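User: Please take a close look at one part of this structure, the surroundings of the ligand. Then place that part in the rest of the chain.

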Amino acid sequence: MQCDRAWVEINLEALTHNVRQLKQWLAPKTDLMAVVKADAYGHGAIAVARTALAAGATWLGVATVSEGIQLRRAGIEAPILILGATHTPDQIRAIAYWRLDPTLCTPQQAQTFSETLASLDRHLPVHLKIDTGMSRLGMPWQEAVKFVQAVQDLPHLRIASVYSHLATADDPDPTILYQQHQRFEVAIAQVRAANLPLPRLHLANSAATLADRSLHYDMVRVGLATYGLYPAPHLRSVLPLRPVMQVKARITQVKHIQPGTGVSYGHRFVADRPMDIATVGIGYADGVPRNLSNRMTALLRGQPVAQLGSVTMDQLMLDMTSIDQPQVGEIVTLLGRDGAQAITADDWAELLGTISWEILCGFKHRLPRVAVGQPQTSREASILRI
Ligand SMILES: *Cc1c(COP(=O)(O)O)cnc(C)c1O
(Lines give C-alpha, C1' and ligand atoms only; values in the text may rest on other atoms or scores of the structure.)
Protein backbone atom coordinates (compact mmCIF):
# COMPACT_ATOMS: atom_id res chain seq x y z
CA MET A 1 0.00 0.00 0.00
CA GLN A 2 2.95 2.30 0.66
CA CYS A 3 3.72 2.42 -3.04
CA ASP A 4 0.14 2.82 -4.25
CA ARG A 5 -1.43 6.10 -5.32
CA ALA A 6 -4.92 4.70 -4.72
CA TRP A 7 -6.53 1.51 -3.47
CA VAL A 8 -9.75 -0.17 -2.35
CA GLU A 9 -9.88 -1.24 1.30
CA ILE A 10 -11.97 -4.31 2.05
CA ASN A 11 -12.96 -4.62 5.68
CA LEU A 12 -13.36 -8.36 6.20
CA GLU A 13 -14.43 -7.79 9.77
CA ALA A 14 -17.39 -5.72 8.53
CA LEU A 15 -18.17 -8.49 6.03
CA THR A 16 -18.13 -11.08 8.82
CA HIS A 17 -20.41 -8.85 10.87
CA ASN A 18 -22.90 -8.49 7.99
CA VAL A 19 -22.99 -12.21 7.26
CA ARG A 20 -23.57 -13.00 10.95
CA GLN A 21 -26.33 -10.39 11.16
CA LEU A 22 -28.01 -11.91 8.12
CA LYS A 23 -27.62 -15.45 9.47
CA GLN A 24 -29.28 -14.44 12.73
CA TRP A 25 -32.15 -12.89 10.81
CA LEU A 26 -32.86 -16.11 8.90
CA ALA A 27 -34.72 -19.11 10.26
CA PRO A 28 -32.14 -21.70 11.40
CA LYS A 29 -32.93 -24.05 8.51
CA THR A 30 -32.58 -21.35 5.85
CA ASP A 31 -29.28 -21.37 3.95
CA LEU A 32 -27.46 -18.16 3.16
CA MET A 33 -26.00 -17.88 -0.33
CA ALA A 34 -23.40 -15.13 -0.59
CA VAL A 35 -23.71 -13.71 -4.09
CA VAL A 36 -20.14 -13.02 -5.22
CA LYS A 37 -20.69 -12.39 -8.93
CA ALA A 38 -18.80 -9.56 -10.66
CA ASP A 39 -15.77 -10.16 -8.42
CA ALA A 40 -17.98 -9.90 -5.34
CA TYR A 41 -19.44 -6.57 -6.50
CA GLY A 42 -15.90 -5.22 -6.90
CA HIS A 43 -14.74 -6.40 -3.45
CA GLY A 44 -12.60 -9.35 -4.60
CA ALA A 45 -14.39 -12.69 -5.00
CA ILE A 46 -11.93 -15.06 -3.37
CA ALA A 47 -11.40 -13.20 -0.10
CA VAL A 48 -15.11 -12.38 0.15
CA ALA A 49 -16.14 -15.97 -0.55
CA ARG A 50 -13.76 -17.39 2.06
CA THR A 51 -14.80 -14.85 4.68
CA ALA A 52 -18.52 -15.24 4.01
CA LEU A 53 -18.27 -19.04 4.24
CA ALA A 54 -16.34 -18.80 7.50
CA ALA A 55 -19.03 -16.47 8.89
CA GLY A 56 -21.96 -18.76 8.11
CA ALA A 57 -22.83 -18.63 4.40
CA THR A 58 -23.09 -22.14 2.93
CA TRP A 59 -23.58 -21.38 -0.78
CA LEU A 60 -21.93 -19.04 -3.28
CA GLY A 61 -23.64 -17.42 -6.25
CA VAL A 62 -21.79 -16.33 -9.39
CA ALA A 63 -22.94 -15.08 -12.79
CA THR A 64 -20.63 -16.98 -15.12
CA VAL A 65 -18.71 -20.24 -15.49
CA SER A 66 -15.36 -18.39 -15.28
CA GLU A 67 -16.35 -16.78 -12.00
CA GLY A 68 -17.11 -20.22 -10.62
CA ILE A 69 -13.83 -21.67 -11.87
CA GLN A 70 -11.90 -18.81 -10.26
CA LEU A 71 -13.33 -19.81 -6.87
CA ARG A 72 -12.66 -23.53 -7.40
CA ARG A 73 -9.07 -22.84 -8.48
CA ALA A 74 -8.64 -20.96 -5.20
CA GLY A 75 -9.57 -24.18 -3.40
CA ILE A 76 -13.09 -23.20 -2.39
CA GLU A 77 -15.23 -26.33 -2.01
CA ALA A 78 -18.65 -24.89 -1.13
CA PRO A 79 -21.51 -25.38 -3.60
CA ILE A 80 -21.50 -22.69 -6.30
CA LEU A 81 -24.64 -21.81 -8.25
CA ILE A 82 -24.19 -20.13 -11.63
CA LEU A 83 -27.05 -17.63 -11.74
CA GLY A 84 -26.65 -16.92 -15.45
CA ALA A 85 -27.67 -19.25 -18.26
CA THR A 86 -25.15 -21.62 -19.84
CA HIS A 87 -25.68 -23.51 -23.08
CA THR A 88 -22.62 -24.64 -25.01
CA PRO A 89 -21.11 -28.13 -24.65
CA ASP A 90 -17.83 -26.43 -23.65
CA GLN A 91 -19.58 -24.60 -20.82
CA ILE A 92 -21.33 -27.80 -19.74
CA ARG A 93 -18.06 -29.77 -19.71
CA ALA A 94 -16.42 -27.04 -17.61
CA ILE A 95 -19.39 -27.03 -15.21
CA ALA A 96 -19.12 -30.80 -14.77
CA TYR A 97 -15.35 -30.75 -14.42
CA TRP A 98 -15.33 -27.97 -11.80
CA ARG A 99 -18.44 -29.28 -9.98
CA LEU A 100 -20.45 -26.09 -10.45
CA ASP A 101 -24.26 -26.00 -10.23
CA PRO A 102 -25.97 -24.67 -13.36
CA THR A 103 -29.26 -22.82 -13.72
CA LEU A 104 -31.61 -24.29 -16.31
CA CYS A 105 -34.20 -22.01 -17.88
CA THR A 106 -35.75 -23.98 -20.75
CA PRO A 107 -36.45 -27.63 -21.64
CA GLN A 108 -34.17 -27.31 -24.69
CA GLN A 109 -31.30 -26.23 -22.47
CA ALA A 110 -32.00 -29.15 -20.13
CA GLN A 111 -31.93 -31.49 -23.15
CA THR A 112 -28.49 -30.16 -24.20
CA PHE A 113 -27.21 -30.65 -20.67
CA SER A 114 -28.54 -34.17 -20.49
CA GLU A 115 -26.97 -35.15 -23.84
CA THR A 116 -23.59 -33.61 -23.09
CA LEU A 117 -23.52 -35.19 -19.64
CA ALA A 118 -24.42 -38.56 -21.16
CA SER A 119 -21.36 -38.31 -23.42
CA LEU A 120 -19.26 -37.59 -20.32
CA ASP A 121 -21.01 -40.26 -18.26
CA ARG A 122 -21.63 -37.68 -15.55
CA HIS A 123 -24.61 -36.61 -13.44
CA LEU A 124 -25.20 -33.06 -12.28
CA PRO A 125 -27.44 -31.25 -9.79
CA VAL A 126 -29.39 -28.57 -11.65
CA HIS A 127 -31.44 -25.59 -10.51
CA LEU A 128 -34.60 -24.71 -12.40
CA LYS A 129 -35.43 -21.05 -12.91
CA ILE A 130 -39.05 -19.95 -13.06
CA ASP A 131 -39.98 -16.50 -14.40
CA THR A 132 -42.63 -15.02 -12.09
CA GLY A 133 -42.42 -11.47 -13.37
CA MET A 134 -38.80 -10.38 -13.86
CA SER A 135 -39.01 -11.27 -17.58
CA ARG A 136 -35.31 -12.11 -17.68
CA LEU A 137 -34.36 -15.78 -17.30
CA GLY A 138 -36.59 -18.74 -16.61
CA MET A 139 -39.66 -20.62 -17.80
CA PRO A 140 -42.93 -18.73 -17.46
CA TRP A 141 -44.47 -19.69 -14.10
CA GLN A 142 -47.59 -21.09 -15.78
CA GLU A 143 -45.36 -23.74 -17.39
CA ALA A 144 -43.39 -24.61 -14.26
CA VAL A 145 -44.94 -28.07 -13.83
CA LYS A 146 -44.30 -29.06 -17.43
CA PHE A 147 -40.72 -27.86 -17.07
CA VAL A 148 -40.07 -29.70 -13.82
CA GLN A 149 -41.62 -32.85 -15.30
CA ALA A 150 -39.50 -32.59 -18.46
CA VAL A 151 -36.27 -32.23 -16.52
CA GLN A 152 -37.31 -34.97 -14.12
CA ASP A 153 -37.65 -37.32 -17.08
CA LEU A 154 -34.18 -36.60 -18.44
CA PRO A 155 -31.28 -38.82 -17.45
CA HIS A 156 -28.10 -37.39 -15.89
CA LEU A 157 -29.89 -34.44 -14.25
CA ARG A 158 -31.00 -34.20 -10.63
CA ILE A 159 -33.22 -31.26 -9.72
CA ALA A 160 -31.55 -29.61 -6.73
CA SER A 161 -33.73 -26.53 -6.49
CA VAL A 162 -36.48 -24.49 -8.12
CA TYR A 163 -36.14 -20.75 -7.89
CA SER A 164 -37.28 -17.37 -9.13
CA HIS A 165 -36.01 -13.80 -8.98
CA LEU A 166 -37.83 -10.67 -7.84
CA ALA A 167 -38.04 -7.46 -9.86
CA THR A 168 -39.24 -4.91 -7.29
CA ALA A 169 -38.39 -6.20 -3.81
CA ASP A 170 -36.73 -2.86 -2.92
CA ASP A 171 -39.91 -0.88 -3.70
CA PRO A 172 -41.81 0.31 -0.59
CA ASP A 173 -44.98 -0.58 -2.51
CA PRO A 174 -45.06 -4.40 -2.29
CA THR A 175 -47.83 -5.01 -4.83
CA ILE A 176 -45.65 -6.55 -7.54
CA LEU A 177 -43.46 -8.32 -4.99
CA TYR A 178 -46.49 -10.18 -3.63
CA GLN A 179 -47.80 -10.86 -7.12
CA GLN A 180 -44.51 -12.62 -7.87
CA HIS A 181 -44.63 -14.41 -4.51
CA GLN A 182 -48.15 -15.57 -5.28
CA ARG A 183 -47.16 -16.87 -8.71
CA PHE A 184 -44.22 -18.75 -7.17
CA GLU A 185 -46.59 -20.31 -4.63
CA VAL A 186 -49.04 -21.35 -7.34
CA ALA A 187 -46.25 -22.92 -9.41
CA ILE A 188 -45.00 -24.86 -6.36
CA ALA A 189 -48.49 -26.02 -5.46
CA GLN A 190 -48.91 -27.38 -8.98
CA VAL A 191 -45.59 -29.22 -8.80
CA ARG A 192 -46.71 -30.71 -5.50
CA ALA A 193 -50.13 -31.63 -6.93
CA ALA A 194 -48.45 -33.40 -9.85
CA ASN A 195 -46.72 -35.66 -7.32
CA LEU A 196 -43.30 -34.49 -8.43
CA PRO A 197 -40.64 -34.53 -5.72
CA LEU A 198 -40.46 -31.06 -4.25
CA PRO A 199 -36.90 -29.76 -4.36
CA ARG A 200 -35.47 -26.90 -2.34
CA LEU A 201 -36.94 -23.48 -3.09
CA HIS A 202 -35.49 -19.96 -3.12
CA LEU A 203 -36.73 -16.55 -4.13
CA ALA A 204 -35.23 -13.71 -2.07
CA ASN A 205 -32.44 -11.26 -2.97
CA SER A 206 -31.14 -8.76 -0.39
CA ALA A 207 -34.25 -6.60 -0.47
CA ALA A 208 -36.70 -9.49 -0.02
CA THR A 209 -34.48 -11.05 2.64
CA LEU A 210 -34.70 -7.86 4.69
CA ALA A 211 -38.31 -7.05 3.81
CA ASP A 212 -40.19 -10.22 4.74
CA ARG A 213 -39.18 -13.50 6.31
CA SER A 214 -42.03 -15.32 4.59
CA LEU A 215 -40.01 -14.94 1.37
CA HIS A 216 -36.97 -16.82 2.66
CA TYR A 217 -37.93 -20.44 1.81
CA ASP A 218 -34.94 -22.83 2.00
CA MET A 219 -32.29 -20.31 1.01
CA VAL A 220 -31.78 -16.60 0.38
CA ARG A 221 -29.42 -15.19 -2.25
CA VAL A 222 -27.85 -12.10 -0.76
CA GLY A 223 -25.47 -9.79 -2.59
CA LEU A 224 -25.71 -6.12 -1.71
CA ALA A 225 -26.50 -6.51 2.00
CA THR A 226 -23.42 -8.73 2.44
CA TYR A 227 -21.38 -5.71 1.38
CA GLY A 228 -23.08 -3.55 4.01
CA LEU A 229 -25.39 -1.51 1.82
CA TYR A 230 -29.16 -1.35 1.90
CA PRO A 231 -31.28 -1.96 -1.21
CA ALA A 232 -33.60 0.88 -0.13
CA PRO A 233 -33.82 3.44 2.70
CA HIS A 234 -36.95 1.89 4.24
CA LEU A 235 -35.01 -1.36 4.85
CA ARG A 236 -32.25 0.30 6.90
CA SER A 237 -33.93 -0.30 10.24
CA VAL A 238 -34.09 -4.09 9.81
CA LEU A 239 -30.44 -4.96 10.52
CA PRO A 240 -27.34 -2.92 11.39
CA LEU A 241 -24.99 -3.48 8.44
CA ARG A 242 -21.52 -2.02 7.93
CA PRO A 243 -20.08 -0.98 4.55
CA VAL A 244 -17.21 -3.28 3.58
CA MET A 245 -15.53 -1.15 0.90
CA GLN A 246 -13.61 2.09 1.27
CA VAL A 247 -11.77 3.83 -1.55
CA LYS A 248 -8.68 5.90 -0.77
CA ALA A 249 -6.01 7.81 -2.68
CA ARG A 250 -2.99 9.94 -1.95
CA ILE A 251 -2.36 13.61 -2.58
CA THR A 252 0.32 13.80 -5.28
CA GLN A 253 0.77 17.59 -5.55
CA VAL A 254 -0.43 20.71 -3.77
CA LYS A 255 -0.62 24.15 -5.36
CA HIS A 256 -1.88 27.67 -4.78
CA ILE A 257 -3.95 29.23 -7.57
CA GLN A 258 -5.05 32.80 -8.25
CA PRO A 259 -8.59 34.03 -9.04
CA GLY A 260 -9.39 33.40 -12.71
CA THR A 261 -7.35 30.17 -12.86
CA GLY A 262 -9.17 27.32 -14.62
CA VAL A 263 -8.89 23.77 -13.27
CA SER A 264 -8.75 20.53 -15.31
CA TYR A 265 -9.96 19.70 -18.84
CA GLY A 266 -12.43 22.17 -20.25
CA HIS A 267 -11.86 24.58 -17.34
CA ARG A 268 -15.23 23.55 -15.99
CA PHE A 269 -14.10 25.08 -12.69
CA VAL A 270 -12.57 28.56 -12.52
CA ALA A 271 -11.34 29.95 -9.18
CA ASP A 272 -13.09 33.15 -8.09
CA ARG A 273 -10.64 33.71 -5.20
CA PRO A 274 -7.16 32.58 -4.21
CA MET A 275 -7.32 28.86 -3.50
CA ASP A 276 -5.18 25.92 -2.45
CA ILE A 277 -5.83 22.81 -4.46
CA ALA A 278 -4.51 19.26 -4.32
CA THR A 279 -4.11 16.73 -7.10
CA VAL A 280 -5.07 13.17 -6.09
CA GLY A 281 -4.04 9.99 -7.92
CA ILE A 282 -7.39 8.44 -8.80
CA GLY A 283 -9.64 8.98 -11.81
CA TYR A 284 -12.38 7.59 -14.02
CA ALA A 285 -10.18 4.74 -15.24
CA ASP A 286 -10.22 3.53 -11.64
CA GLY A 287 -13.98 3.79 -11.19
CA VAL A 288 -14.63 7.37 -10.07
CA PRO A 289 -17.42 8.26 -12.52
CA ARG A 290 -16.58 11.29 -14.66
CA ASN A 291 -20.17 12.46 -14.23
CA LEU A 292 -19.29 13.29 -10.62
CA SER A 293 -17.04 16.11 -11.90
CA ASN A 294 -17.58 19.32 -9.92
CA ARG A 295 -20.27 17.55 -7.87
CA MET A 296 -18.57 15.16 -5.47
CA THR A 297 -16.74 15.71 -2.20
CA ALA A 298 -13.98 13.68 -0.61
CA LEU A 299 -12.78 13.54 3.00
CA LEU A 300 -9.44 14.69 4.39
CA ARG A 301 -8.63 14.90 8.11
CA GLY A 302 -12.29 14.23 8.86
CA GLN A 303 -13.48 17.18 6.78
CA PRO A 304 -15.37 17.25 3.48
CA VAL A 305 -13.40 18.79 0.61
CA ALA A 306 -14.99 19.65 -2.74
CA GLN A 307 -13.77 18.12 -5.97
CA LEU A 308 -12.97 20.75 -8.64
CA GLY A 309 -13.32 20.60 -12.43
CA SER A 310 -13.40 17.49 -14.60
CA VAL A 311 -12.42 14.14 -13.12
CA THR A 312 -9.62 12.96 -15.44
CA MET A 313 -8.61 9.42 -16.35
CA ASP A 314 -6.08 8.94 -13.54
CA GLN A 315 -6.35 12.03 -11.37
CA LEU A 316 -8.70 14.59 -9.88
CA MET A 317 -8.36 17.87 -8.02
CA LEU A 318 -9.71 18.84 -4.60
CA ASP A 319 -10.25 22.18 -2.87
CA MET A 320 -7.75 22.43 0.00
CA THR A 321 -8.52 26.04 0.93
CA SER A 322 -9.95 25.04 4.33
CA ILE A 323 -7.08 22.62 5.11
CA ASP A 324 -3.99 23.75 7.02
CA GLN A 325 -0.91 22.86 4.97
CA PRO A 326 -2.07 19.77 3.09
CA GLN A 327 0.83 17.41 2.43
CA VAL A 328 1.83 15.31 -0.54
CA GLY A 329 1.27 11.67 0.46
CA GLU A 330 -1.70 12.42 2.72
CA ILE A 331 -4.55 9.96 2.30
CA VAL A 332 -7.91 11.15 1.00
CA THR A 333 -11.10 9.09 1.45
CA LEU A 334 -13.21 9.02 -1.70
CA LEU A 335 -15.72 6.50 -0.32
CA GLY A 336 -15.83 5.53 3.33
CA ARG A 337 -15.49 7.05 6.76
CA ASP A 338 -13.04 9.61 8.08
CA GLY A 339 -13.79 10.66 11.66
CA ALA A 340 -17.39 11.73 12.01
CA GLN A 341 -17.94 12.06 8.26
CA ALA A 342 -18.80 9.31 5.80
CA ILE A 343 -19.43 9.14 2.06
CA THR A 344 -21.28 6.07 0.84
CA ALA A 345 -21.91 4.41 -2.51
CA ASP A 346 -25.53 5.55 -1.98
CA ASP A 347 -24.36 9.19 -1.97
CA TRP A 348 -22.65 8.72 -5.33
CA ALA A 349 -25.56 6.73 -6.72
CA GLU A 350 -27.98 9.49 -5.78
CA LEU A 351 -25.83 12.18 -7.44
CA LEU A 352 -25.63 10.07 -10.59
CA GLY A 353 -29.21 8.81 -10.75
CA THR A 354 -28.10 5.20 -10.49
CA ILE A 355 -27.92 2.47 -7.83
CA SER A 356 -25.18 1.57 -5.35
CA TRP A 357 -24.70 -1.85 -6.99
CA GLU A 358 -23.32 -0.12 -10.10
CA ILE A 359 -20.98 2.12 -8.07
CA LEU A 360 -19.45 -0.86 -6.24
CA CYS A 361 -18.96 -2.87 -9.43
CA GLY A 362 -17.35 0.16 -11.08
CA PHE A 363 -14.03 0.01 -9.20
CA LYS A 364 -11.51 -1.37 -11.61
CA HIS A 365 -8.74 -3.83 -11.08
CA ARG A 366 -6.17 -1.15 -11.55
CA LEU A 367 -6.85 -0.42 -7.88
CA PRO A 368 -5.34 -3.00 -5.54
CA ARG A 369 -7.76 -4.56 -3.07
CA VAL A 370 -6.33 -4.39 0.44
CA ALA A 371 -7.84 -6.35 3.31
CA VAL A 372 -8.09 -4.46 6.59
CA GLY A 373 -9.55 -5.07 10.00
CA GLN A 374 -9.47 -8.84 10.19
CA PRO A 375 -10.35 -10.00 13.66
CA GLN A 376 -7.66 -11.24 16.05
CA THR A 377 -4.73 -9.50 14.42
CA SER A 378 -3.22 -6.10 14.93
CA ARG A 379 -4.21 -3.57 12.30
CA GLU A 380 -0.71 -3.33 10.88
CA ALA A 381 -0.33 -7.08 10.59
CA SER A 382 -3.73 -7.47 9.03
CA ILE A 383 -3.15 -5.33 5.95
CA LEU A 384 -2.66 -7.65 3.05
CA ARG A 385 -3.32 -7.63 -0.64
CA ILE A 386 -6.25 -9.70 -1.78
C1 LIG B 1 -27.49 -10.65 -8.33
C2 LIG B 1 -28.54 -11.59 -7.93
C3 LIG B 1 -28.91 -11.71 -6.58
C4 LIG B 1 -28.39 -10.79 -5.49
O5 LIG B 1 -29.04 -9.52 -5.57
P6 LIG B 1 -28.84 -8.41 -4.41
O7 LIG B 1 -29.92 -7.44 -4.69
O8 LIG B 1 -27.49 -7.81 -4.63
O9 LIG B 1 -28.97 -9.10 -3.12
C10 LIG B 1 -29.83 -12.70 -6.25
N11 LIG B 1 -30.37 -13.50 -7.19
C12 LIG B 1 -30.04 -13.41 -8.50
C13 LIG B 1 -30.68 -14.32 -9.49
C14 LIG B 1 -29.13 -12.44 -8.91
O15 LIG B 1 -28.83 -12.33 -10.20
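Analyst: The ligand comes first, then the cavities, the backbone and the chain overall.

This is a predicted model.

**The ligand and its shell**

Start with the count. The ligand is surrounded by 13 residues. Lys-37, Tyr-41, Ser-206, Arg-221 and Leu-224 are the closest of these. By class, the shell splits into 6 nonpolar, 4 polar and 3 charged residues. Two secondary-structure elements each supply at least two shell residues: helix H2, residues 37-42, and strand E10, residues 219-222.

Now the polar contacts. Three side chains are worth taking one by one: Lys-37, Tyr-41 and Arg-221. Lys-37 places a polar side-chain atom 2.7 Å from a ligand oxygen. For Tyr-41, an N or O atom of the side chain is 2.6 Å from an oxygen atom of the ligand. Arg-221 meets a nitrogen atom of the ligand instead, with a side-chain N or O atom at 2.9 Å. How much of the ligand does the protein bury? Alone, the ligand exposes 390 Å², and the protein buries 92% of that area.

These contacts can be read against the elements. Helix H2 spans 37-42, and Lys-37 and Tyr-41 carry numbers in that range. Strand E10 spans 219-222, and Arg-221 falls there by its number.

**The enclosed cavities**

The ligand site is one matter; the enclosed space is another. The structure has 2 cavities of 30 Å³ or more. The largest has a volume of about 60 Å³. Its lining is made of Ile-130, Ala-144, Val-148, Val-162, Phe-184, Ala-187, Ile-188, Val-191, Leu-198, Pro-199 and Leu-201. By class, that lining is 11 nonpolar residues, with no polar and no charged ones. Helices H7 (144-153) and H8 (175-193) each give at least two residues to this lining. H8 gives the most, with 4 residues.

The second largest cavity holds about 40 Å³ of space. Lys-129, Ile-130, Asp-131, Met-134, Arg-136, Leu-137, Ser-164 and His-165 form its lining. Here the classes are mixed: 3 nonpolar, 2 polar and 3 charged residues. Ile-130 appears in the lining of the largest cavity and in that of the second largest.

**Two backbone positions**

Next, the backbone. Most residues other than glycine have a negative phi. Arg-99 has a positive phi, near 55 degrees. Arg-99 sits in the loop between helix H5 (89-97) and strand E5 (101-104). This residue is partly exposed, because its relative accessible area is 41%, between the 20% and 50% limits.

Ser-135 also has a positive phi, near 55 degrees. The loop that holds Ser-135 runs between strand E6 (124-131) and strand E7 (139-140). Ser-135 is exposed, because its relative accessible area of 62% is over 50%.

**Across the chain**

Now the wider frame. The chain contains 11 helices and 21 strands. Its C-alpha atoms fill a box of roughly 80 × 45 × 40 Å along the principal axes. Of the 386 residues, 55% are buried.

Three residue pairs give a sense of scale. Ala-34 belongs to strand E2, residues 31-35. Ala-34 is buried, because its relative accessible area of 3% is under 20%. Its C-alpha atom is 38 Å from that of Leu-308, with 274 residues of sequence separation.

Thr-16 lies in helix H1, residues 12-25. Thr-16 is buried as well, because its relative accessible area of 11% is under 20%. The C-alpha atoms of Thr-16 and Thr-175 are 33 Å apart, and the two residues are 159 positions apart along the chain.

Lys-255 is part of strand E11, residues 245-257. A relative accessible area of 37% makes Lys-255 partly exposed. From Lys-255 to Arg-122 the C-alpha separation is 66 Å, across 133 residues of sequence.

Back to the ligand, then. The protein buries 92% of its exposed area, and Lys-37, Tyr-41 and Arg-221 each bring a side-chain N or O atom to it at the distances given above.

Notes: Residues are numbered from 1 along each chain as its sequence is written. This is a predicted model: local features need pLDDT of at least 70, side-chain atom pairs count only at pLDDT 80 or more; totals for chains, interfaces and linings use all residues. Side-chain values use heavy atoms; hydrogens and water are left out. On a 1 Å grid over the protein atoms alone, a cavity is a set of points where a 1.4 Å probe fits but cannot get out, and a pocket is an open set with protein on both sides within 12 Å along at least five of seven lines; lining residues have an atom within 4 Å of a point. Grid points are joined across faces, edges and corners, and a volume is the space filled by probe spheres set on the points. Ala, Val, Leu, Ile, Met, Phe, Trp, Tyr, Cys and Pro count as nonpolar, Asp, Glu, Lys and Arg as charged, and the others, Gly among them, as polar. A residue is near a molecule or strand if one of its heavy atoms lies within 4 Å of it. A polar contact is a pair of N or O atoms within 3.5 Å; within protein, one must be able to donate a hydrogen and the other to accept it, and residues adjacent in sequence count only if both atoms are side-chain atoms. Accessible areas come from the Shrake-Rupley method with a 1.4 Å probe; for residues, only the protein chains shown count as cover. Buried means under 20% relative accessible area, exposed over 50%, partly exposed in between (1.4 Å probe, protein chains only).
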